[in-house]
Amino acid sequence: MIRTVSSLPELDTLARDWAEQVRRKRVVLLNAPMGSGKTTWVSALMRALDATDEASSPTYSIVNEYELKDGQRVFHFDLYRLKDQQEVMQLGFWDYIDSGSICIIEWPDLIADILDMPHAEIRIRTEGEIRHFEWLEK
């Protein structure tokens, strides 16, 4: 399924439309080039999921934790700065994945080949100010 977005209100609508799918799948890989709006998408999703926290980029912290009003947690990873799977494992990656919480993973290339559980992938493609979001189930 592909959706096209060209404004923040449209992004909020898309996030509301896909929020239940994210809850159901629980692990979502976010594939997109630098500057394409990955963290902006996660911010919209956190609003749609009714988070108590504002989403921010985990570029330097590697993983941010958000709490939803229903008590569920969301872990937002940015693996861009990590060099290999060993660094990912040192984070306690499987503990996060196995926690039952929603996990959203930016720059997932390091873990894509070892993630052997059902998950979703969102691909973002940009054309100027227009973003094309594609939802794929794995």
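Here is a quick walk through the sheet, two of the helices and the two biggest pockets of this predicted model.

Housekeeping before we start. Residues are numbered from 1 along each chain as its sequence is written, and side-chain values use heavy atoms, with hydrogens and water left out. Since the model is predicted, local features need pLDDT of at least 70 and side-chain atom pairs count only at pLDDT 80 or more, while totals for chains, interfaces and linings use all residues.

Okay, the sheet. Helices and strands here are DSSP runs numbered from the N terminus (H or I over at least four residues for a helix, E over at least two for a strand). Two strands count as paired if DSSP finds at least two bridges between them. With that, we get an open sheet of seven strands in the order β1-β7-β6-β2-β5-β4-β3, with mixed pairing. β1 (2-5) and β3 (63-67) are the edge strands, each pairing on one side only. From one strand to the next, the twist averages 20 degrees; angles run from 0 to 180 degrees between N-to-C directions, and axes are lines fitted to C-alpha atoms, for helices over the stretch in contact.

Let's go along it from the β1 edge. β1 and β7 pair antiparallel over four bridges, and I2 has E134 as its bridge partner in β7. β7 and β6 also run antiparallel, joined by eight bridges; one pair there is T126 with R131. The two form a hairpin with two residues between them, and G128 in that turn has a positive phi of about 65 degrees. Then β6 (residues 120-127) meets β2 (residues 27-31) in parallel, through four bridges, with N31 standing opposite R123.

Now the helices, where contact means heavy atoms within 4.5 Å. α1 packs on the sheet, touching β1, β2, β5, β6 and β7, and its direction makes about 15 degrees with that of β7. Helix α2 (residues 38-48) packs on the sheet too, and makes about 165 degrees with β5.

How do the axes of α1 and α2 cross? They come within 8 Å and cross at roughly 65 degrees. On the α1 side the contact includes L8, L11 and W18, and on the α2 side T40, W41 and L45 are among the residues. The contact divides into 11 nonpolar, one polar and three charged residues. For the classes, Ala, Val, Leu, Ile, Met, Phe, Trp, Tyr, Cys and Pro count as nonpolar, Asp, Glu, Lys and Arg as charged, and the others, Gly among them, as polar.

Last stop, pockets. A pocket is an open set of points on a 1 Å grid over the protein atoms alone, where a 1.4 Å probe fits, with protein on both sides within 12 Å along at least five of seven lines; lining residues have an atom within 4 Å of a point. Volume is the space filled by probe spheres set on the points, which are joined across faces, edges and corners.

The largest pocket has a volume of about 200 Å³. α1 (8-25) and β7 (130-137) are the elements giving two or more residues to its lining. That lining has four nonpolar, six polar and two charged residues. The second largest pocket holds about 160 Å³, and its lining includes K38, D78, E106 and W107. G35, S36 and G37 turn up in the linings of both pockets.
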